[in-house]
Amino acid sequence: VIQGAMTEEYVRSTQGVFQFELSGDGGGTWYIDLKTKGGSAGFGKPPVTADVVMSMSSTDFVKMFT
């Protein structure tokens, strides 16, 4: 879902790197990079310093994006 939303225009207009520290099932560190050309998302720390770091449960993370 997130990957499909990363058009070059969306990345250019957002210009932010978001790191999520998730607890619960599927928890860990995840990121969405909407600053680097093409954008990216994945497990672990982002390839560049995050502009925003959020801590939440994995359940709340899913609710936020649905």
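K35 is partly exposed, because its relative accessibility is 36% and the partly exposed class lies between the cut-offs of 20% and 50%. D51 falls in that class too: at 44% relative accessibility, D51 counts as partly exposed. The model examined here is predicted.

These two residues form a salt bridge. The closest N and O atoms of D51 and K35 are 3.0 Å apart. Side chains of opposite charge can pair when their charged atoms come close. The structure holds 1 salt bridge. The pair links distant parts of the chain, with 16 residues separating K35 and D51. K35 sits in the loop between β2 and β3. D51 sits in the loop between β3 and β4.

The strands flanking these loops belong to an open sheet. Its 4 strands run in the order β3-β2-β1-β4. The pairing is mixed. Two strands form the edges: β3, residues 40-43, and β4, residues 52-57. Each edge strand pairs on one side only. On average, neighbouring strands are turned by 15 degrees against each other, direction ignored.

Strands of a sheet pair through backbone hydrogen bonds, either parallel or antiparallel. Strand β2, spanning residues 28-34, pairs with β3 in the antiparallel sense. This pairing extends over 4 bridges. Within it, D33 stands opposite S40 of β3.

Helix α2, residues 58-65, packs on the sheet. The helix touches β1 (16-23), β2 and β4. The direction of α2 makes about 115 degrees with that of β4.

Methods
Residues are numbered from 1 along each chain as its sequence is written. This is a predicted model: local features need pLDDT of at least 70, side-chain atom pairs count only at pLDDT 80 or more; totals for chains, interfaces and linings use all residues. Side-chain values use heavy atoms; hydrogens and water are left out. Two strands pair if DSSP finds at least two bridges between them. Axes are lines fitted to C-alpha atoms, for helices over the stretch in contact, and angles run from 0 to 180 degrees between N-to-C directions. Contact means heavy atoms within 4.5 Å. A salt bridge is a side-chain nitrogen of Lys or Arg within 4 Å of a carboxyl oxygen of Asp or Glu. Buried means under 20% relative accessible area, exposed over 50%, partly exposed in between (1.4 Å probe, protein chains only).
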